[in-house]
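Student: Could you take me through one part of this structure slowly? I am new to it and would like to see how a single helix packs against its neighbours.

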Amino acid sequence: MTGNGSTRREMHLGLMFWATGTHAAGWRYPGSRADGAYDIGFIQDVTRLVERAKFDFLFLGDRLVTDPALAKTNPAQMSRLEPFTAGAAIAAATSKIGIVVTANPTYYDPYNLARLLASLDHLSRGRASWNLVTGADALAAANFSRAEHWDTEKRYDWADEFVDVVRALWDSWEDGALIRDRRRGLFVDEARIHPVNHHGRYFDVTGPLNVARPPQGQVVLLHAGTSDRSRELGAREADVIFAGSHEITSGREYYADIKQRAAAYGRSADDIQILPGLSVIVAETTREAVAIRDRLDSLLPEVERKPDVRAGALGQATRRRDEWGITGNPVEVADYMQEWFETGAADGFNIFPPFVPGAVEAVTELVVPELQRRGLYRREYSGGTFRDHLGLARPRNRFESAATGSQAAPSRLAPAAAANS
Ligand SMILES: Cc1cc2nc3c(=O)[nH]c(=O)nc-3n(C[C@H](O)[C@H](O)[C@H](O)COP(=O)(O)O)c2cc1C
């Protein structure tokens, strides 16, 4: 769906923002900014670039460990700004694009995280999103006074309950609770502010939150993971799944599996968008695109160079698909995306730019117009919030029933919380 009332299905696009590029040698590519990760002006400029191309969101990934050895394999992930801090500065410089911040609940407390996300949603006027990951890095435990990295079951048991608490806290202020009527001297309507009284396996949280309900009602939730527990959490809670599918057959299987699981939770296919990551190197001609790719690879440290995957595949300077994505001219790249989009493998993509800003500019100048020409991508935003871009309605507040007599939204919260409404 387009989110503007029309039934035509359009892709959703995000930009995976790694300041020095998603290619290990991206920071060495001519025109790239090797120092971009710490220059907020640069980060804001790149965000505005994709906002002009009507991207759905800018994606700020995160990890809670580092290793200087990453400088050779993944310098963009070696060190970077904390995502909420960067997200707030991006919000101030933009007006439409969604801002996705990654936060691992294993190392947060629900009250803090609900507050951070609600604050970012207010600052951005409804453009915040939480990418919920349970963390790939076992070594993170040692940075958070934990004796060990929890296993999958415990991380997801914790994450499931964590999401319940965060969602309840976002609802703890009804819309309109802040009256601020100077004439009558009424600042708030106390009857519209609710404790959540959550008492579960891991969390005891009384509430209410100390931030008014986020403009989006519920902040958009992204999820990335691979295990069965991850798929269940995503199918039940996520508005967007950031998928790791690398080829179309497994992409279709993953897509069908998630949509099927979502249906079992009473959700429609349109309620959940599945966006694989896609590395794109595009130029006016295939030959130029392949030359860019070769130049990039030649800048890798000797030990990191990969075998030439072109050899024996398509022969000369033709479209090249590798384990990262697609290298080609605008028509070839759009064909590739369209095939995923129209054959049940993707609802759009999280674009990985191998170097920044050049590869981002190339996508916005060459691929986006081609997708628009095909009627596959929006020419204008239809609204001002991230939910609008995704075509998602603003959810009803579960606590509203008492005040309005309307039926409360379904809740997986402990009965104590619901009783409090
Ligand atoms: C596409 C994708 C993106 C991910 N991004 C992050 C990330 O930014 N930070 C992080 O700590 N883990 C990230 N992960 C890892 C997951 O949090 C998780 O640890 C991993 O997928 C294995 O466990 P699971 O599938 O059981 O969740 C990502 C996983 C996938 C598939």
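Tutor: Here is a close look at helix α1 and the two helices beside which it is described, after a few words on the whole chain.

This is a predicted model, in which local features need pLDDT of at least 70, side-chain atom pairs count only at pLDDT 80 or more, and totals for chains, interfaces and linings use all residues. Residues are numbered from 1 along each chain as its sequence is written.

The protein chain has 14 helices and 14 strands; these are DSSP runs numbered from the N terminus, with helices being H or I of at least four residues and strands E of at least two. Of its 421 residues, 48% count as buried, meaning that 20 or more other C-beta atoms, placed from the backbone, lie within 10 Å of the residue's own. Among contacts between residues at least 6 apart in sequence, 76% join residues at least 24 apart; two residues are in contact if their C-beta atoms, placed from the backbone, lie within 7 Å.

Now to the helix itself. Two packed helices are described by the angle between their axes and the distance between the axes. Axes are lines fitted to C-alpha atoms, for helices over the stretch in contact, with angles from 0 to 180 degrees between N-to-C directions.

Start with α4. Helix α1 covers residues 40–52 and helix α4 residues 83–93; their axes come within 9 Å and cross at roughly 55°. The two are therefore oblique to each other, the class left over once angles under 35 degrees (roughly parallel), over 145 (roughly antiparallel) and 65 to 115 (roughly perpendicular) are set aside. The crossing of α1 past α4 is right-handed, that is, the near helix is turned clockwise from the far one by less than a right angle, while anticlockwise would be left-handed. From α1, the contact uses I40, I43, Q44, T47 and R48, and from α4 it uses A86, A89, I90 and A93. Those residues divide into six nonpolar, two polar and one charged, where Ala, Val, Leu, Ile, Met, Phe, Trp, Tyr, Cys and Pro count as nonpolar, Asp, Glu, Lys and Arg as charged, and the others, Gly among them, as polar.

Then turn to α11, residues 358–373, whose axis comes within 9 Å of that of α1 and crosses at roughly 15°. That angle makes α1 roughly parallel to α11. Here α1 passes in a left-handed crossing. V46, L49 and V50 of α1 meet V360, E361 and T364 of α11, and this contact divides into four nonpolar residues, one polar and one charged.

Methods:
A residue is buried if 20 or more other C-beta atoms lie within 10 Å of its own, exposed if 12 or fewer, and partly exposed in between; C-beta atoms are placed from the backbone.
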